[in-house]
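Colleague: Could you take me through this one? I'd like to begin with a helix contact and then move around as things come up.

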Number of protein chains: 2
Amino acid sequence: MLTLHGYYRSSTSYRVRIALNLKGLEWRHAGVDLLAGEDRSADYLAVNPQGLLPTLELADGRYLSQSMAILEYLDEAHPEPSLLPAEPLARARVRSLALQIACDIHPLNNLRALKYLRSEFGQGDAAVNAWYRHWVAIEFEALERRLVADPATGSCCHGDAVSQADVCLVPQVYNAERFAVDMAAYPTLARIAAHCRALPAFTAAAPERQPDAR
Amino acid sequence: MLTLHGYYRSSTSYRVRIALNLKGLEWRHAGVDLLAGEDRSADYLAVNPQGLLPTLELADGRYLSQSMAILEYLDEAHPEPSLLPAEPLARARVRSLALQIACDIHPLNNLRALKYLRSEFGQGDAAVNAWYRHWVAIEFEALERRLVADPATGSCCHGDAVSQADVCLVPQVYNAERFAVDMAAYPTLARIAAHCRALPAFTAAAPERQPDAR
């Protein structure tokens, strides 16, 4: 069976949970408690030398890291249902939307970056939250403009089939809501996220449904 | 012909230049002057709603954004030589190495993040450089440990064939050297970067060889 080393609130772990559920794969949760620093423990560094979440452990004990690489692997090893459309330009559109979130929002707002702002630059809650909301705002605005203007957008980011882009969008919206970002400014993103969240694979992957949720 | 909207020092533009050269594709350079703020101009925002580099313009005028999505597209549209190995687990390894750079180093050290630290948090050169070097150091250390311990590593990050991982590594090393990071601490990364930099596709893609270099 597959084992996902992750944390209920980690949005990169959440991406992989959605993908595993969409593929109908059996997997078990192995909790890595970020607040207790378990991501920096020798045990977890042996699993993932970066000390970041998530890591997918295969049945034979091999480890895969980086959530976007794991999504691509799952599509190659378990092609149905695909998280990418068939045609190369459509695939490029989906990957570009997904990577806009994975590269240009998440890393800047990850826990370790926010910790650095506090510990090294002496920034408090208001300044750290402003930093968080700044990156969400400029990228959600750009994503909203991309999606609303493009006839390729449907009930999901690309047509009516769930793709990598939706798998990244829903956890990012969950995360933004924790930081009190008002989604009313992004009606297309809010509509797509609401549609996807109601699907069983997304519902079962939600943070509050995980065994380590507090 | 293909047109690459980029900037000579942009490491994400540099990645795509290398890939275009490796594939033997004809392309022309369209300069977007970051220092003059051309990335925020109405003209460029019509090309790329994110206002980030690079954008690949296809012969029919369509635009592709996000360098990692462009690398995947180039591999699908122009399969030879491939930037990914054939086997799914090997592909996952290469993508994970590439994404470690693309997600966990570059976005934190991109010009717009460094500008925010100066303008909003009032940080000066020393603090901004320390932030830059912090993310390079922890990720280069982890990358070095991953590569040195793995028999899959060869003259390149994966065996002896250039892959996505090398295409990301060389521009990141170039960037780190601009910030005076000492590569002696990362002998495997330094060895692979030196090997790849000497290959014609990498040499022709180097920042100092571009028409907008200063």
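Colleague: Which residues in helix 8 of chain A meet helix 9 of chain A?

Modeller: Bearing in mind that this is a predicted model, the residues on the helix 8 side of chain A are D166(A), L169(A), V170(A) and V173(A), and in helix 9 of chain A they meet L189(A), I192(A), A193(A), C196(A) and R197(A). By class, the residues of this contact divide into 7 nonpolar, no polar and 2 charged.

Colleague: And how do the axes of helix 8 and helix 9 of chain A cross?

Modeller: The axes of helix 8 and helix 9 (residues 187–197) of chain A come within 9 Å and cross at roughly 100°. Angles of 65 to 115 degrees count as roughly perpendicular, and the two helices of chain A are therefore described as roughly perpendicular to each other.

Colleague: Switching to helix 3 of chain A, is it largely enclosed or not, and why?

Modeller: Helix 3 (residues 67–77) of chain A is largely enclosed by the rest of the structure, because 8 of its 11 residues are buried. Those buried in helix 3 of chain A are S67(A), M68(A), A69(A), I70(A), L71(A), E72(A), Y73(A) and L74(A).

Colleague: What do the buried residues of helix 3 of chain A pack against?

Modeller: Within chain A they pack against helix 1, strand 3, strand 4, helix 4 (88–104) and helix 8 (164–178), and helix 4 of chain B takes part in the packing as well.

Colleague: Then on to the two chains: how many residues of chain B are in contact with chain A?

Modeller: There are 35 residues of chain B in contact with 35 residues of chain A. Helix 4 of chain B gives the most to the side of chain B that touches chain A, with 11 residues, and by class that side of chain B has 20 nonpolar, 7 polar and 8 charged residues.

Colleague: What turn lays chain B on chain A?

Modeller: A turn of 180° with a shift of 0.0 Å along the axis lays chain B on chain A with an RMSD of 0.0 Å, which is the relation of a two-fold axis. Of the residues of chain B, C103(B) comes closest to the rotation axis, at 2.4 Å for its C-alpha. Since 100% of the interface residues of chain B are also interface residues in chain A, the copies meet through the same surface.

Colleague: Back to chain A for the sheet: in what order do the strands run?

Modeller: The open sheet of chain A has 4 strands in the order 2-1-3-4, with mixed pairing. Its edge strands are strand 2 (27–31) and strand 4 (63–65) of chain A, each of which pairs on one side only, and the twist averages 25° from one strand to the next. Strand 1 (residues 2–6) and strand 2 of chain A run parallel and are joined by 5 bridges, with H5(A) standing opposite A30(A) in strand 2.

Colleague: Which helix lies across strand 1 of chain A?

Modeller: Helix 1 (residues 11–22) of chain A lies across strand 1, strand 2 and strand 3 (55–57) of chain A, and runs at about 160° to strand 1.

Colleague: Last one: where is P85(B), and what does P85(B) touch?

Modeller: P85(B) is in the loop between helix 3 and helix 4 of chain B, and it counts as partly exposed, with 18 C-beta neighbours inside 10 Å. Not counting residues up to four places away in sequence, P85(B) touches A90(B), R91(B), V94(B), H158(B) and S163(B).

How values were computed:
Residues numbered from 1 in each chain as written. Chains lettered and ligands numbered in written order. Predicted model: local features only at pLDDT ≥ 70, side-chain atom pairs only at ≥ 80, totals over all residues. Pairing = 2+ DSSP bridges. Axes fitted to C-alpha atoms, helices over the stretch in contact; angles between N-to-C directions. Contact = placed C-beta atoms within 7 Å. Nonpolar A, V, L, I, M, F, W, Y, C, P; charged D, E, K, R; others polar. Least-squares fit on C-alpha atoms with pLDDT ≥ 70 in both. Buried ≥ 20, exposed ≤ 12 C-beta atoms within 10 Å, placed from the backbone. Parallel < 35°, antiparallel > 145°, perpendicular 65-115°, else oblique.
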